[in-house]
Amino acid sequence: MTEILPATEENIARAASSLRAGRLVSFPTETVYGLGGNALDDHAVAAIYAAKNRPDFNPLIVHVPDLSAAATFVHINEAARLLADRFWPGPLTLILPRLAACKLSLLLSAGLDTVAIRVPNHPVARALLTACGLPLAGPSANPSGRISPTTAAHVMEGLGGKIDYVLDGGPCKVGVESSVLDLSGPQPVLLRPGAVLAEEITAILGQEVATEQQTVDHGARKSPGQLSSHYAPHLPVRLNAPHAEPGETLIAFGPAAPAGTRNLSASGDLLEAAANLFAFLRAADQPGYRGIAVMPIPETGLGIAINDRLRRAAAPR
Ligand code: TXA
Ligand code: MG
C-alpha cells in the first residue's frame, strides 16, 4: 500500500523514518518528483531499480542538502564550485569524480567512477534531506521509459503499491528534469538540457560547453543521432505540427493555436510550457486517438529542454 501524504512536518518525519529503514519514498523537487532511497545503501538503491523496472543499471542522481555535503562524496573542482555557488540549490546536476573514501552505493553510479549530484530547491525536498540526514538517490519517480511525474497523482499512477509514501508538495514548478553537466573531463559537457542553460554555464565558467543531447540515457557517451525512446507516451507523437490531422489530439503552443485546445502556454511563455509539458502529454495520451500532434516550440531558453524531451517522446520504439 502506498499512501499520499500532504507534506506536513509530521509526515516529512514519517517519510524520513521510512527512508532510514531502507524503504522508498517519493518526494517533490522543483523539477519533477523523485523516487527517494538511502544513497548509502545498496539494497535501497537496488529496490529503486526494481520499483522503476529499470532493466539496465542507468546511474542515479544523488540529492544532498548543500555543497559541503556534496564535498564529502565527490571531488569539487573549481568549475563545480563556481556553478554550485551560482545555481545550487537548483535544477543543475553535476557529474563529478567519486572520492576514494566515498560511501555512496556503488550500484548507484552503476560502476562508473563518477557521481551525478545536485542540491534541490524545493522546501519539501530540503526538509526531507534534513529530517533523514541521508543523501537520497532520486531518479524521476516513473516506471522506466515513461513520462516523468510532476504531481503526486502521476507518481501513484506509475509506482502505487511499490513504495511507502508519496509526499505531496503540489505540482512541480520547473516541470522538466534538471540540466545534467559532466564536469569530470577536460571540457564541460551538457548531457541533458534543463532549466539551467548552456549559455548561463558558459558565462560563469568562461569556457564553451559541449552539448550531447543524445548521450544522457546511459551516462556513457552514445553514438550521435541515436535517440532512444524515453519519456514515452503510449500514442505516437508527431512534432512541429501546425495542426492536428484527423484522429490526432493536439498539444498547442502560443497565441496562434485554436481556442479550446490543450495549450502549453497561450501567451507563448516557455516556463509555463515546461511546467505543463509532462501533465499535458499524460492527459493527451488517451485511447481513442491515433496520435498526439505537438505544435512547434522555439529552440531557445527552456524550449531547448522541452524539445529534447519531445524528441525522445517521439523517437521510434
Ligand atoms: O530533475 C532531476 O534531475 C530529477 C529530480 C528527481 O531530481 N531526477 C532525475 O534523475 O531526473 P534520473 O535518475 O531520472 O536521471 C539521471 C540522469 C540519467 O540520464 C543518467 O543517465 C544521468 O543522469 N547520470 C547519472 N549518473 C551519471 C554519471 N555518473 N555519468 C553520466 N550520467 C549520469
Ligand atoms: Mg528519469
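## Exercises on a predicted two-sheet model

In strand β14, Arg262 is the bridge partner of Ile251. That pair comes from a predicted model, and the exercises below start from the sheet that holds it.

**Exercise 1. Work out the strand order of the sheet that contains β12, β13, β14 and β15, and say which strands stand at its edges.**

Solution, step by step:

1. Begin with β13 (residues 248-252), which is joined to β14 by two bridges, the two running parallel. The pair Ile251 and Arg262 belongs here.
2. Next, look at how β13 meets β15: four bridges join them, again in parallel. Leu250 has Ala293 in β15 as its bridge partner.
3. Then turn to β12, which pairs with β15 in the parallel sense over two bridges. Here Val237 finds its bridge partner in Ile292 of β15.
4. Put the pairs together: the four strands form an open sheet in the order β12-β15-β13-β14, with parallel pairing. The edge strands are β12 (237-238) and β14 (262-263), each pairing on one side only.

**Exercise 2. Are the residues on the two faces of strand β15 buried or exposed?**

Solution, step by step:

1. Recall that side chains in a regular strand alternate between the two faces of the sheet.
2. Sort the residues of β15 (residues 291-294) by side: Gly291 and Ala293 lie on one, Ile292 and Val294 on the other.
3. Check burial, for which the cut-off is under 20% relative accessible area. All four residues are buried, so both faces of β15 are covered.

**Exercise 3. Find the edges of the eleven-strand sheet, and explain why one side of each edge strand has no neighbour.**

Solution, step by step:

1. Write down the order of this open sheet: β1-β8-β2-β3-β7-β4-β6-β5-β9-β10-β11, with mixed pairing.
2. Read off the ends. β1 (3-6) and β11 (210-211) each have a single partner strand, so one side of each lacks a neighbour in the sheet.
3. Try one pairing inside the sheet: β4 (residues 61-63) and β6 (residues 114-118) pair in the parallel sense over three bridges. His63 stands opposite Arg118 in β6.
4. Add a helix. α6 (residues 152-159) packs on the sheet, where it touches β1, β2 (25-27), β3 (34-38) and β8 (165-168). The direction of α6 makes about 165 degrees with that of β8.

**Exercise 4. Which residues of helix α7 are buried, and why do they line one face?**

Solution, step by step:

1. List the buried residues of α7 (residues 198-205): Ile201, Thr202 and Leu205.
2. Look down the helix axis: these buried residues fall within an arc of 100 degrees, so they line one face of α7.
3. Inspect the other side, where Glu199 and Ala203 are exposed.
4. Find what the buried residues pack against: α4 (78-87), β5 (92-97), β9 (179-182) and β10 (189-192).
5. Step past the helix to Gly206, which follows α7 and has a positive phi, near 65 degrees.

**Exercise 5. How does the radius of gyration of the chain compare with the globule rule for 317 residues?**

Solution, step by step:

1. Take stock of the elements: the chain has nine helices and 15 strands.
2. Compare the values. The radius of gyration is 19 Å, close to the 20 Å from the globule rule, so the chain is as compact as a globular protein of that length.
3. Set the extent beside this: the C-alpha trace spans about 60 × 50 × 35 Å along its principal axes.
4. Finish with burial and contacts. Of the 317 residues, 55% count as buried. Among contacts between residues at least 6 apart in sequence, 67% join residues at least 24 apart.

Notes. Residues numbered from 1 in each chain as written. Chains lettered and ligands numbered in written order. Predicted model: local features only at pLDDT ≥ 70, side-chain atom pairs only at ≥ 80, totals over all residues. Heavy atoms only, no water. Buried < 20%, exposed > 50% of the residue type's maximum accessible area, 1.4 Å probe, protein only. Arc of directions from axis to C-beta. Contact = heavy atoms within 4.5 Å. Pairing = 2+ DSSP bridges. Axes fitted to C-alpha atoms, helices over the stretch in contact; angles between N-to-C directions. Rg over C-alpha atoms; globule rule 2.2 N^0.38 Å.
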